[in-house]
Amino acid sequence: MQSLPRLSLRYSWPLALLAACLLTFLIYLPGLYGPFIFDDYVNIVQNTKLAMPDLSWHALADAAFSINAGPLMRPISMISFALNRYFFGVQPFSFKLTNLLIHLANGVLVFLLLRQLLEAYRHLHAPALTRHMLNWLVFLVGTLWLVHPLNLTAVLYVVQRETALSALFVLAGVNLYTWVRLRQLNGQGAHWSLFPGTVLFGALAVLSKESGALMPCYMLAVEVAVFRFRCVNRRAIWILVGFYLLFLILPLIAAAIWIFGLGHTGVLSYATRDFTLPERLLTESRVVWLYIFWTLLPRISSLSLYHDDIPLSHDFLHPWTTLPAGLGLLALIALAITVRRRYPLVTLGIAWFFVGQLMESTIFPLQIAFEHRNYLADMGLLLAAMSLIFPLYREAPLLKLRYAFCALLVISFAGVTLQRAWNWRNPLTFAESEAYYHPDSPYATYELGHIYANLVIIQHDTKMLPEARRILLHSLSLPDSSAIPGTTLVMTESELGQPISPGLLKRVAELLSTRRITSSDTTGLYSLVGCYTKGLCTLPANALDPIFSAAFLNPELQPHAAADLHVIYGNYLAGSTPQRLMAARQEMLKAAALVPSEPQYRINVVILDIAMQDAQLGQQDLNTVRQLNKFGLLDSDIADLEKKLSHLKPVPVTTKTKHQHTDDTGPAHEKN
């Protein structure tokens, strides 16, 4: 039985890599014309600090720290968005194309890493294997990773460039580590580049997204499974010990001290979530198995931008799959340990996958599930599975059948990704496909209802109103829904001069008074109030007062959510009549008192002072803003307020919440 033709490194290898990248580009091409979605709006479209007037240091710094997306604010990613906007404008095509180019660059690094890892595997564990068969395995796994449908959201969901960019630097760092270890085993000195290279790539990875901190853990997985701490001399051993002490052990200790010893336990606060830490950990045991199935058997009906329809695990038996899921994960870890001598690539693949889940699928209070969390992790499962399926020896049984299966796998993965990219080509097809496959998802159903509502308003065609109303009411009725479908329906009906659906305002008030208020709720209220104050929505006098009263009585109301509510209510009061400006200012003061460290709330107070033409109050409140001006990030805001105070003319009252999504395009959520 003949094996595959030789895939040499000099000629065929670059052509094979080019073919994989070209295939990936073509299947993603339809999705490049799609819209911004979900968190893209608040982080990119409405982030005015990304609209840099020039490439000065001050403009770049403003853009880099423009969104409080995480502990480090992800400045590398934010600068990349700003440069995209500076050179090509705010159209989504250029952003998505840049994301795709980053994905292709990551694919090249995946190919290079796999080639190095399999060379080390052949040298240390399987010297009988030929290089050209391992090259075919590299080509198979690398191509599957490039075209895998699970990786689509890291490309077409623009804001998740953060994930892909962080992965770029992680892959560069692990490539460097593997190259150094191979040279060490060959008696060549290369350790001089390991330490500065790890510092450079690690810093870039972490400043793109916090998950970049896992880079040393990926390196450790490679070391344990493939190299197994083999060294040619004692000096090399001490270099390895020092490396992991410096880049893994000490950072872990420092992180633990920062979180627990210095009282920064807010990073583990579940105050804004509808679940607790134990519930998240139990649920994630099931979610990780979903990630495994989506990696090995991806189906378009299972995949989605939104996975908020996954039920929580309240204990080991509710739902009953929780206990088997947890035991299954332990069994998978035990399997990886058991087979590590006979099947090192299986051990490496499983370890690599679990490393990818360490941050976003464990203790941190992130939302339950997102596909982009597997962007690097799924490479491990693909390597583990293909190392067992792809025939590396000429004598392997069912040789032709295995070849055919691997080819069909590439075609299947590429086909599903092409279908998803086609669905993402415009807002309507995206929303329809998401809601069709996930009818119990509050986010997906809301998005479709919102699209229909926008079409009704834009076309002034009430024929579509019943369908928009049906979908939004369905979304509002789902168990974990926020109030935003209700506020969107109120806006739609009132803009058209239609009567508000019976009981709709009461249902919105009930949700805001009984369930934990999220950023989606405040987004909906902000948009509704804006519609009312601009005179676009015709609502009865004081129609929204009961909604705010109910929200302020919510027993689970958290300080940041309460502050946002006070801002929105202040906007409502200020937009009603001039006589309510003082009451509006009191609401802004309440917001500033709840979160005194947030400058925007104090800026809102100054805006109300200007609207009331009170120069004395304005100067007093502006001095408070100056005290919050760290690193000069508020210089432009302060200058603008000073100019308005000097003229002391009435200005339109438009204030903002801390992270307000000022467009009613969809629900906002915390970055992850």
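Okay, one term before we start: when I say contact, I mean heavy atoms within 4.5 Å. With that in hand, let's begin at Val174. This is a predicted model, by the way. Leaving out residues up to four places away in sequence, Val174 touches Leu113, Met215, Tyr218, Met219, Val222 and Trp352.

So where does Val174 sit in the bigger picture? It belongs to the largest nonpolar core, which has 102 residues, and together with Phe390 it touches the most other members. Helix α8, residues 161–185, gives this core its largest share, 14 residues. There's also a second core, separate from that one, with 50 residues, including Val490, Leu512, Leu525 and Tyr601.

Let me zoom out for a minute. What's the secondary structure here? The protein has 28 helices and 0 strands. Its C-alpha atoms fill a box of roughly 85 × 55 × 50 Å along the principal axes. The radius of gyration is 27 Å, and that agrees with the value near 26 Å you'd have for a compact globule of 672 residues. Of those 672 residues, 56% count as buried. And if you take the contacts with a separation of 6 or more, 76% of them are between residues 24 or more positions apart.

Now, the charged groups. As a reminder, side chains of opposite charge can pair when their charged atoms come close. In this structure we have 17 salt bridges, and I'll go through a few of them.

Start with Arg74. Its side chain meets Glu162 in a salt bridge, at 2.8 Å from N to O. Glu162 is in helix α8, while Arg74 is in the loop between α3 (57–64) and α4 (75–88), so this pair ties together parts that are 88 residues apart in sequence. Both residues, Glu162 and Arg74, are buried.

Arg74 has another partner, too: Glu210 forms a salt bridge with it, and again the closest N and O atoms are 2.8 Å apart. This one links distant parts of the chain, 136 residues apart, with Glu210 in the loop between α9 (194–208) and α10 (215–227). Glu210 is buried, just as Arg74 is.

For a more local example, go to helix α12. Arg280 and Glu284 form a salt bridge there, with the closest N and O atoms 3.7 Å apart. They're 4 residues apart in the helix, which means about one helical turn between them. Is Arg280 buried or exposed? Buried, because its relative accessibility is 0%. Glu284 is buried as well, with a relative accessible area of 2%. Back to the earlier trio for a second: Arg74, Glu162 and Glu210 are joined into one network by salt bridges that share partners.

One more acidic residue, Asp545. You'll find it in helix α23, residues 545–552. Its relative accessible area is 14%, and the cut-off for buried is under 20%, so Asp545 counts as buried. Beyond its neighbours within four places in sequence, Asp545 is in contact with Tyr569, Tyr572 and Arg580.

Last stop, the outside. The accessible surface comes to about 28,400 Å², and 66% of that belongs to carbon and sulfur atoms. Which residues make up the nonpolar surface patch of about 690 Å²? They are Phe316, Leu317, Leu323, Leu327, Leu330, Ile333 and Ile337. To find the patch on screen, look for Phe316 in the loop between α12 (277–296) and α13 (322–338).

That's my tour, thanks.

How values were computed: Residues numbered from 1 in each chain as written. Predicted model: local features only at pLDDT ≥ 70, side-chain atom pairs only at ≥ 80, totals over all residues. Heavy atoms only, no water. Patch = residues over 30% accessible without salt bridge, like charges linked within 9 Å, V, L, I, M, F, W, Y side chains within 5 Å. Areas by Shrake-Rupley, 256 points an atom, 1.4 Å probe, with all protein chains shown as cover. Salt bridge = Lys/Arg side-chain N within 4 Å of Asp/Glu carboxyl O. Helix = DSSP H or I, 4+ residues; strand = E, 2+ residues; numbered from the N terminus. Rg over C-alpha atoms; globule rule 2.2 N^0.38 Å. Buried < 20%, exposed > 50% of the residue type's maximum accessible area, 1.4 Å probe, protein only. Core = buried A, V, L, I, M, F, W, Y, C linked by side-chain atoms within 4.5 Å.
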